[in-house]
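Student: Could you take me through one part of this model up close? I'd like to hear about the salt bridges, and then how they sit alongside the nonpolar parts.

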Amino acid sequence: MAKDLYEVLGVDRNATDDEIKKAFRHKARQLHPDVNKAADAEEQFKELNEAYDVLSDANKRAQYDRFGTIPGASGGGQPYVDFDDIFGGFGMGDLFSSFFGGAAAGGGRARREGRDMGVGLRVTLEEVAKGVKKEIAYDRLAPCPECGGSGLGESGKVVTCPECHGQGRVVTVQHTFMGDMQTATTCPRCHGTGHTVENPCPECEGQGRVPDRTQVSVEVPVGIRDGQQLRLAGFGEAGMQGSAAGDLIVTVRVMPHEYFQRDGDNLHTRVDVSIVQACLGAEIEVGGIFDGEKVKVQIPAGCQNDQVVRTRGFGMPRFRSDLRGDLFVHVSVTVPKKLSKRERELLEELAREMGQSYSEERSTFQKIKDSFAG
């Protein structure tokens, strides 16, 4: 790094998590492009975000303190969180834009309740089979830690808006040759709420919420399917001045597996068997979805290439059930490319027994190979 991350945030190397958060919010208000008109405002804010991304994460910070470099990929959150799936939520830069604009974008009536937010959480098929707890980090407008979400500073209180007198809108009268025309618009001072805050909290400027990074545990239940959603009540965007928060909606994304393909509660896999096993039948053993699980599969005599053998009860655990789906084994019959002399003799004998023709012509080189192989 060209600059020390602690210097970028303006904190000591032994700063606490709360001190780092507070320093970030303070500097972000100064450097955000909405208020900072310098030519390099976006670059400054990006640099600040990168510093906070590292120092607000315990693991990244420890690695940075040890090696002096930014560990891993930047961008916030854990590697398995898909921020492309966010709806109703923002990156940190947009959170500050929303914060500066208050809750009434475009001059409309203020929205006091927090909005729902969403992230996509990637999990493996093995994690779905046994259930898993994931820790995820994401950016949101969170309750202000200084005022507890009330928006009130010291000796602060909520009062009736002096401009609209609690109506939430103001009426203007325009005198025209056709008479007086009245126009009602949302009050620009209270944004339609009908009240304002005296002595607001300096940290959140009376909103009761601040842009912040939140970490939460997500319990992924056994058997959940790709695309299913989990709702975490109250972990979305915080509401204005203590109003209800939105929810965090986690969309589960199950990653493709190297050996198994999921079909509902069933699993499909492919195994190779020899031509002898396919002809005579055999009992083979394949690995299951759980660590160390072994599944015995009965290959029927006369099994054909691409035939599917079903083994009941060894598929995926079913969602909110003690039962499991089935395992479907797709059989690939393999033909040996090389035969020993004895193996060829046995196959020739079998061909004569079955009245089937076969190629008897062999080159001198093949005969020499057979003599050594026998």
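Tutor: Here is a walk through the salt bridges, followed by the cores, a helix and the surface. Keep in mind that this is a predicted model.

The structure holds 25 salt bridges, so let's pick out a few of them. Start with Asp247 and Arg231, whose side chains meet at 2.9 Å, N to O. This pair links distant parts of the chain: Arg231 is in strand S9 (229–232), while Asp247 is in the loop between S9 and strand S10 (248–254), 16 residues apart. Their surroundings are worth a look too. Asp247 is buried, because its relative accessible area is 15% and the cut-off is under 20%. Arg231, on the other hand, counts as exposed at 53% relative accessibility.

Now try Asp306 and Arg270, which form a salt bridge at 3.2 Å, N to O. Arg270 belongs to strand S12 (residues 266–274) and Asp306 to the loop between strand S14 (294–299) and strand S15 (308–311), so this bridge ties together parts that are 36 residues apart in sequence. Here Asp306 is partly exposed, with a relative accessible area of 45%, and Arg270 is partly exposed as well, at 46%.

For a bridge inside one helix, go to Arg344 and Glu348, again with a N to O distance of 2.9 Å. Both are in helix H8 (residues 341–353), and because they are four residues apart, about one helical turn separates them. Arg344 is partly exposed at 22% relative accessible area, whereas Glu348, at 17%, counts as buried. There is also a network: Lys21, Arg25, Glu203 and Asp212 are joined by salt bridges that share partners.

On to the nonpolar side. In soluble globular proteins, nonpolar side chains tend to be buried together. In this model, the largest nonpolar core has 37 residues, and the members touching the most others are Val218, Leu248, Val250, Val297 and Ile299. Take Val297: beyond its neighbours within four places in sequence, Val297 is in contact with Ala282, Glu283, Ile284, Val286, Val309, Thr311 and Val329. Apart from that core lies another one, of 23 residues, with Leu5, Val8, Leu31 and Leu95 among them.

Leu95 brings us to helix H5 (residues 92–100), where the buried residues are Met92, Leu95, Phe96, Ser98 and Phe99. Those residues are on the same side of H5, because they cover an arc of only 160° around the axis. What does that buried set pack against? The partners are helix H2 (17–31), helix H3 (41–55), strand S3 (132–143) and strand S8 (209–220).

Finally, the outside. Ile275, Val276, Leu280 and Val335 make a nonpolar surface patch of about 400 Å². Leu280 sits in helix H7 (residues 275–280) and counts as exposed at 65% relative accessibility, since the cut-off is over 50%. Pro202 is another one to click on: look in the loop between strand S7 (195–200) and S8. Pro202 is exposed, with a relative accessible area of 68%. Pro202 and Leu152 are 50 residues apart in sequence, yet their C-alpha atoms are 8.6 Å apart in space.

Notes:
Residues numbered from 1 in each chain as written. Predicted model: local features only at pLDDT ≥ 70, side-chain atom pairs only at ≥ 80, totals over all residues. Heavy atoms only, no water. Core = buried A, V, L, I, M, F, W, Y, C linked by side-chain atoms within 4.5 Å. Buried < 20%, exposed > 50% of the residue type's maximum accessible area, 1.4 Å probe, protein only. Contact = heavy atoms within 4.5 Å. Patch = residues over 30% accessible without salt bridge, like charges linked within 9 Å, V, L, I, M, F, W, Y side chains within 5 Å. Areas by Shrake-Rupley, 256 points an atom, 1.4 Å probe, with all protein chains shown as cover. Salt bridge = Lys/Arg side-chain N within 4 Å of Asp/Glu carboxyl O. Helix = DSSP H or I, 4+ residues; strand = E, 2+ residues; numbered from the N terminus. Arc of directions from axis to C-beta.
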